[in-house]
Every structure is written in C-alpha cells, then in structure tokens.
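This report is for a reader who is new to the structure shown below. It takes up one sheet, the nonpolar cores and the confidence of the model.

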Amino acid sequence: MAMLHHQQPKPKAHQFLVRTFSSPTKCSHCTSLMVGLTRQGVVCEVCGFACHIGCCEKVPPICPVPPDQTKRPLGIDPTRGIGTAYEGYVKVPKPGGVKKGWVRQFVVVCDFKLFLYDISPDRNALPSVHVSQVLDMRDEDFSVSSVRDSDVIHATKKDIPCIFRITTSLMDPPGMKNHTLMLADTESEKTKWVVALSELHRILKRNNLPNRTIFRAKELLDNTLAFIKNALSGAVIDNDRLVIGTEEGLFCLDLDRSEMARVGEGKKVHQLEYVVEEQLLVVVSGKQRHVRLVPVRALDGDEVEWIKVAETKGTVTFAVGHLSEPPPSNSLTSSAPPPPSTSPAPTKMSSPYCLCVAIKRQNASQVIIYEITRTKARHKRIREIPLPVQAQTLSVLSEGRLCIGYQSGFTIYNIIGDQQPIVLIHPDNQLLGFLSYSATDALRAIELPHGEFLLVFQTLGVYVDSQGRKSRDREIMYPAVPQAVSCCDGHLMVFSETHVDVFEVATGEWVQTLNIKRTKPLNNTGTLGICLVDELPHIVYLCNIHQRELISVCLTDSTGRSVPRPRRRFSLRGEGSRAARATDRRSKMISAPTNFNHISHMGPGDGIKMQQLLDLPTTLETADQQQLQQSSLHVGHHHHHHHSGSNLLQGMQPQPQHHMHQSQIASSTSSSQQRVCLMTVLDTVCLLSNSSGLF
C-alpha cells in the first residue's frame with residue numbers, strides 16, 4: 001500500500017485593508033503610533049495584524065504572524081528615532097491654569113515626541129484619536145525637571161512632590177518658553193517619568209540625530225496694541241514694514257520707527273496679499289466682501305483711491321500668480337531652499353500677474369480671472385469659470401493654470417483658453433469613494449515637480465499625478481484637527497488648536513512641531529500669524545532659519561551680534577500726514593537728492609568752465625546771504641578747481657537724514673547750507689574734474 005505524504009499547506013498571505021482607528025493605536029511592526037485623523041494604517045482581515053501602510057511590506061508574510069513575532073517590545077530605535085518607549089496616565093492643568101484644577105490625559109512617548117491625548121470623563125472611556133498636544137524632544141530648549149513650590153503657587157502642598165515640568169521653545173525673541181506641567185499619581189511615578197524622559201533625551205543627544213528645525217517663532221507685536229486681537233490678515237511690505245488687516249480696518253506698522261498708521265477707510269479686511277513687482281495690495285474688505293486694489297503709496301500717507309473691482313461682491317477667497325510660469329524644479333521643494341532674490345532679475349521680464357477671485361453664488365460659485373495691469377484701473381477681466389459647487393480654495397499653478405478646490409475634490413482649469421478641465425481625483429483612485437463619502441473640505445493644492453500634486457484636505461494630504469491617480473502610498477497624517485494650512489519654502493504648515501505641525505512637502509515627512517497655541521496664519525505663506533500666549537494675543541513671525549529674514553526682528557550691536565529690539569511703544573501717525581522715509585529704503589545711509597533747486601547744471605562741453613555753482617535762494621534772507629557769498633564761489637584757475645574739489649571731499653561727513661517743514665528752512669539756513677548730499681558732492685567733483693581734464 002502506497003504511503004500518503006501529507007504536504008504542509010502553503011502559508012496564506014495577509015489581506016491588508018486601510019482602516020480608521022478611533023483611539024491611539026501602535027503599529028505592531030515598529031511600535032510607533034499610527035498618527036492621524038483617518039486612514040491611519042492597515043489591518044489584515046484574516047489575522048488582525050495592524051501596522052502602518054509603509055510597514056506592511058516589512059511584516060512577516062506568514063498569516064497569521066507567528067506569536068513570537070506578533071508584538072515587539074516597547075522601545076525606540078536610537079539610530080532612527082522610531083518606536084514607543086513609554087506610556088501612561090498623568091494629569092495636566094485645565095485651561096486657565098492650575099488654580100482651575102487638573103484633567104486626566106494619556107501620554108505616549110514615541111519617536112522622541114510626547115503625545116498627549118484627552119480622555120472623556122466617561123468611565124472606561126478610551127483616549128481621543130486627536131492629539132491634544134505634541135512636545136518634541138528634538139526641540140533645542142527641551143528639558144524635564146521637578147518643580148519647586150514657587151513654580152506652582154496654586155497647587156496643593158500634597159500635589160507638589162508629584163508634579164514635573166517639561167519645557168520647549170516658544171518665541172525667541174523675546175525668549176519665551178513653553179512650560180507644560182504634569183501631575184503623576186504618586187511621587188515615585190513622577191520620578192519614573194523624569195528619569196525615563198531625561199535618559200531618552202540623553203540618548204537622542206548622544207546619537208546626534210539630525211536637527212530638523214525649519215521655522216522659529218519670533219514675536220513682532222504684543223498685546224499693547226489694542227487692534228491686535230482682531231487681526232484677520234497681514235502682509236510683509238519690506239524689512240521694516242508690515243500691514244495688518246483687522247475688523248477695524250487696515251493698519252501699516254513701521255517697526256524701525258515704531259510708528260503705526262491707519263490706511264484708508266475703517267472697513268473690515270478679511271484677506272490681503274502684497275504683489276511686490278506691481279507695488280499693489282489686493283484686499284477683500286467690507287461687509288459685502290469686495291476685492292479692492294490698493295497702490296502701496298497709500299502706506300506712506302498719500303491720498304490714494306482704493307480701486308474697487310466691481311463684480312466681486314461676496315468674495316470667498318482669491319489667489320494671485322503669474323499668467324505663465326515654468327513648472328517647479330526639485331530645488332523648490334527641498335528642505336532648505338536658497339534665499340529668495342530681493343529684486344527681480346534685470347535681464348528677464350516676468351510674465352504679467354493674474355488675479356483669480358472666487359465669488360459665492362446661491363448653491364454654486366464662479367471664479368472671475370483678471371490680469372493685473374499698469375493702467376489706471378489696474379485690472380482687466382480675462383474670463384469667468386462657472387462652478388456647480390462652492391469653491392473653497394484657489395491656487396495659481398505653472399503654465400497658466402488654476403487649481404480650484406471644493407468639497408472632496410480639486411480641478412485644474414486653464415486661465416487662458418478653453419481646454420478640458422482635469423479632475424485631480426481620478427475615478428480609478430481608491431480615495432474617490434472615501435472622499436465623497438466623508439465630504440471633507442479642500443484646504444490647499446501644492447504643485448510638485450514632474451507633474452505631481454499634493455492635495456491637502458481637512459482630514460489628510462494625498463499625492464496624485466497629473467491625471468489624478470494616486471502617485472504614492474504615503475499620505476500626510478495630521479496629529480490634530482487643522483484650523484488652517486499654509487505652504488512656505490517647500491513645507492506644509494498645519495495650524496491646530498495647540499500647536500503648528502510642519503511637513504516636508506517633497507517627502508511627506510513630519511519634521512517639526514511649534515508649541516504656539518491657537519495660531520492663525522495671516523498671510524498665504526503662514527509666515528505671519530496671530531497666536532495666544534497666556535490667553536493674550538501676539539503677532540508672530542515664523543522665520544525660516546535657513547533663509548534670510550523677511551522682517552528685521554533684531555538689531556545689531558557694535559560687534560555685529562544680533563540683539564532683540566527693545567519693547568516697542570508705537571506712536572500713531574496722524575491722518576493726512578505723510579510718512580517721512582528715505583527714497584530708497586534699502587540704503588538708510590545715502591539718499592538721492594529730491595530737490596534740485598540748490599544747483600544749476602550745464603554741460604557737457606567747454607561751457608562748464610564758465611559756470612558758477614549757485615544755491616538758488618528760497619527766502620529773502622538767504623538771497624541776501626548768497627549775494628555776499630557769490631564772490632567767494634567764483635570758479636577760476638585750474639589749480640583752484642582741484643583744491644575746491646578736495647576740500648569738498650575732506651569736509652564730507654555722513655549726516656543723519658533731517659526732514660524739515662518749509663517754515664523751518666529760514667531759521668536754519670546756515671546749518672542747512674553746510675549739509676551736503678553725497679550725490680551733490682559727486683556731481684560737483686565730476687564737474688570740477690571734467691573742467692580740469694582729469695576724466
């Protein structure tokens with residue numbers, strides 16, 4: 001009788017499906033948290049093995065996974081900074097501080113970060129999947145310590161031995177730190193937390209993991225300015241000036257002179273953007289949300305009419321960009337791009353700008369596209385795009401294209417021409433069903449090299465190709481619910497209630513968390529924002545530390561070191577008075593002459609030898625003085641010319657800029673005649689040298 005050989009059945013493969021978890025869940029492969037609001041990971045339908053989407057290829061292929069490989073021990077891989085090292089329950093102060101009491105939270109120490117999760121007061125309730133707070137151990141100011149009685153004056157005496165404090169950076173200048181108090185159940189529990197966190201931080205430092213800091217928060221304005229609390233929008237004009245749009249109107253602030261001025265009418269300014277090359281502010285203002293165009297001269301006190309764009313009542317949002325721009329290169333999405341040019345290249349004329357305005361209509365919307373011109377009206381209508389849905393976000397892309405975001409989707413239109421629109425969520429994309437079912441808001445579309453796009457929705461960010469098909473398995477997962485997003489220097493900034501998370505657009509990697517609370521971006525790039533510190537409003541500048549500063553936050557001392565500006569007290573510039581400022585703000589030492597009454601020019605040619613350089617009289621008094629002085633100003637011998645030129649140069653000293661009212665001229669004639677503008681001296685030297693045959 002033949003023997004029957006029983007063959008072992010082939011191991012089954014996992015059947016992974018994307019899942020959404022309702023409470024914090026760790027990856028069974030790498031032990032890190034599966035962070036996110038939705039679609040955080042995958043679960044095998046057969047054996048229940050749960051892991052990150054990126055980890056499923058590394059999971060043992062045998063289903064079910066052998067018991068000895070099912071759960072990894074907790075711990076962080078010190079070379080990569082991945083894994084969960086510690087977790088437990090603590091209490092943190094309620095909003096309003098320790099005197100209001102404490103509330104219980106679940107804490108996970110994972111990937112060299114502390115994740116704090118709220119817990120419902122219901123008995124046996126699981127922690128929320130939304131992170132309440134993130135504290136990054138890679139932060140340059142991170143530290144953990146016990147507290148003294150003076151640190152927690154409102155805590156009870158029995159609680160103080162059980163309290164420890166975690167410190168991270170907040171705003172510098174003025175050197176504020178973020179302090180998070182935690183109350184353990186017992187003193188021994190507190191000691192375990194302090195020892196564990198201190199040891200982890202020591203390991204982090206010892207292994208020299210890369211510092212991924214991109215942005216640093218710097219205070220621009222504090223709560224001493226009353227209108228700060230109502231700030232809605234803002235823009236950087238130059239190194240020293242910014243404009244803030246508030247519920248009371250538009251304000252221009254000169255940080256160098258500590259001077260502020262109201263600009264235009266006191267209408268609510270919802271959104272604004274400064275187009276540098278056009279010297280034009282685009283604002284959405286008033287109860288009816290009209291778009292208005294404001295020449296930047298208005299900031300200096302000039303009487304300038306705001307140009308109302310007639311058809312824009314009910315504006316939802318707008319976007320400004322070039323009508324024709326080449327596609328982005330890899331360098332534009334790198335983590336540390338080169339500093340931007342301060343002025344456009346002189347040899348290349350940039351293409352005209354377009355203004356795209358989304359306007360709300362009943363159960364629908366329309367987008368009107370204008371060209372920004374140099375005519376009196378400053379705009380010219382190009383075309384209109386009717387939409388059957390409400391537009392939520394606009395992005396001007398390369399090659400004359402416009403991306404319109406709406407609930408659960410994005411579509412690309414050509415600004416000029418009637419080419420077929422491209423829907424950026426293809427019918428074959430598995431995300432289409434999820435997005436349609438969840439009805440998630442569109443926040444931003446970011447163009448990447450090689451025809452790829454990052455579509456930023458309210459619940460996650462997804463990568464697609466130019467036809468809307470999914471281009472990467474990796475999705476951007478937010479730890480907390482976004483209040484707003486922005487994109488700056490190849491980084492996506494996600495603003496939540498308690499912090500700002502920074503993701504590298506090119507890789508989708510979460511690189512930084514800033515612990516500034518309730519921050520709202522005031523401009524398109526997120527570099528200007530309003531935040532709360534101890535429940536008080538501050539205007540903050542999120543500075544890319546790898547680039548030149550857009551705003552001069554610090555001064556330099558005699559040794560060239562940066563020092564914080566002293567606490568500002570702004571003076572209000574009166575209405576109708578013009579701001580006294582140099583012709584060219586890039587050079588405060590030298591200014592070109594603005595009044596040529598002081599000198600008479602003639603030339604070129606031999607006739608210059610017969611000319612006298614005259615100060616034309618401005619008053620009777622100066623006319624009399626000049627008649628007495630004319631004999632000494634006679635231009636004569638060749639040697640005399642040379643001698644006069646050298647005297648002018650020897651006597652030339654840099655003078656502070658003086659701005660005198662016309663009525664003061666007569667009383668200060670002698671001193672004003674001694675001040676010599678550099679341009680005037682150079683002109684004089686050239687004239688004298690020409691007459692002497694030196695050039």
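## One sheet

In which sense do strand 28 and strand 29 pair, and over how many bridges? They pair in the antiparallel sense, over five bridges. Strands are DSSP runs (E, at least two residues) numbered from the N terminus, and two strands pair if DSSP finds at least two bridges between them. Arg-444 has Val-456 in strand 29 as its bridge partner.

The open sheet holds three strands in the order 28-29-30, with antiparallel pairing. Strand 28 (442–447) and strand 30 (461–464) each have a single partner strand and stand at the edges, so one side of each lacks a neighbour in the sheet.

## Basis of the model

This is a predicted model, in which local features need pLDDT of at least 70 and side-chain atom pairs count only at pLDDT 80 or more, while totals for chains, interfaces and linings use all residues. Residues are numbered from 1 along each chain as its sequence is written, and side-chain values use heavy atoms, leaving out hydrogens and water.

## Nonpolar core

The largest nonpolar core (buried Ala, Val, Leu, Ile, Met, Phe, Trp, Tyr and Cys residues joined through side-chain atoms within 4.5 Å; buried means under 20% relative accessible area with a 1.4 Å probe, protein chains only) has 25 residues. Phe-115, Ile-446, Leu-454 and Leu-492 have the most contacts inside it. Contact means heavy atoms within 4.5 Å.

## Confidence

The mean pLDDT (the predictor's confidence in each residue, from 0 to 100) of the protein chain is 81. Of its residues, 75% reach 70 or more. Over residues 1–5 the pLDDT is below 50, and this stretch has zero contacts beyond near neighbours in sequence.

Technical notes
Buried < 20%, exposed > 50% of the residue type's maximum accessible area, 1.4 Å probe, protein only. Helix = DSSP H or I, 4+ residues; strand = E, 2+ residues; numbered from the N terminus.
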